[in-house]
Amino acid sequence: MSESRRRRLGDQPAGMPTMINQGCKIHGEISGIGDFVIHGNIVGDCHVNGRVSIANSGSWEGSVRADNVIVAGRLDGDIVARGKVEITTTARISGSVTGEAIAVAEGAVVEGVMQTTGKAEPLEFVEKRES
């Protein structure tokens, strides 16, 4: 198995992400190219060519469409990923999750349908890194 297939999304090196800091609230549509890390609150939809990470302190109301998605915070809406979706132990999702591959940590809460578009079934894992 190649190194890139074993690495988790959050561990992969990338360029500088766009950060939405804790205490910041954005209403509206987000679109762009590159990675986004959300520590604040977003109300609206997004269409991103890159990775969207919702941190423990972050929340999102609306749909998230991106290459890859990592959820550690709260998401009320649907996720549509062209690639992988990683749902950590602290994640709380109310909505559908669609991706080529989906990994769900023990303790995560998903109230909705999960559908993989690739051949792999959803995976369950135990989070061993510190939050």
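Mentor: A residue counts as buried under 20% relative accessible area, as exposed over 50%, and as partly exposed in between (1.4 Å probe, protein chains only). By that rule, buried residues make up 40% of the 131 residues in the protein chain. The model is predicted, with local features requiring pLDDT of at least 70 and side-chain atom pairs pLDDT 80 or more, while totals for chains, interfaces and linings use all residues. Residues are numbered from 1 along each chain as its sequence is written, and side-chain values use heavy atoms, leaving out hydrogens and water.

Trainee: What makes up the secondary structure of the protein chain?

Mentor: One helix and 19 strands. These are DSSP runs, numbered from the N terminus: H or I over at least four residues for helices, E over at least two for strands.

Trainee: Why do S10 and S13 count as a pair?

Mentor: Pairing requires at least two bridges found by DSSP. Strand S10 (residues 68-71) and strand S13 (residues 84-87) have three, in the parallel sense, so they pass. In that pair, Val69 stands opposite Val85. S13 is also joined to strand S16 (residues 101-105), by four bridges and again in parallel; there, Glu86 has Ala103 as its bridge partner.

Trainee: Why are S2 and S17 edge strands?

Mentor: The open sheet has six strands in the order S2-S5-S8-S11-S14-S17, with parallel pairing. Strand S2 (25-27) and strand S17 (109-111) each have a single partner strand, so one side of each lacks a neighbour in the sheet. Neighbouring strands here are turned by 5° against each other on average, direction ignored; the axes behind such angles are lines fitted to C-alpha atoms, and angles run from 0 to 180 degrees between N-to-C directions. At the S17 end, strand S14 (residues 92-94) pairs with S17 over three bridges, and Arg92 stands opposite Val109.

Trainee: Which strands form the open sheet that includes S18?

Mentor: Six strands in the order S3-S6-S9-S12-S15-S18, paired in parallel. Strand S3 (30-33) and strand S18 (114-116) stand at its edges, because each has a single partner strand.

Trainee: Which residues touch the most other members of the largest nonpolar core?

Mentor: Val52, Trp60, Ile79 and Ile87, out of 25 residues in that core. Elements giving two or more residues to this core include strand S7 (51-54), strand S12 (79-81) and S13. To qualify, a residue must be a buried Ala, Val, Leu, Ile, Met, Phe, Trp, Tyr or Cys, joined to the set through side-chain atoms within 4.5 Å.

Trainee: How do you know that Arg51 and Asp35 form a salt bridge?

Mentor: The criterion is a side-chain nitrogen of Lys or Arg within 4 Å of a carboxyl oxygen of Asp or Glu. In this pair, the N to O value is 3.5 Å, so the criterion is met. Arg51 lies in strand S7 and Asp35 in the loop between S3 and S4, so the pair ties together parts 16 residues apart in sequence.

Trainee: Why is Arg51 called buried?

Mentor: Its relative accessible area is 15%, and that value is below the cut-off, so the label holds. Asp35, at 15% relative accessibility, is buried as well.

Trainee: What makes Asp67 and Arg82 a salt bridge?

Mentor: Their closest N and O atoms are 2.7 Å apart, so the cut-off is satisfied. Asp67 sits in the loop between S9 and S10, and Arg82 in the loop between S12 and S13, 15 residues apart. Both are partly exposed, Asp67 at 25% and Arg82 at 47%.
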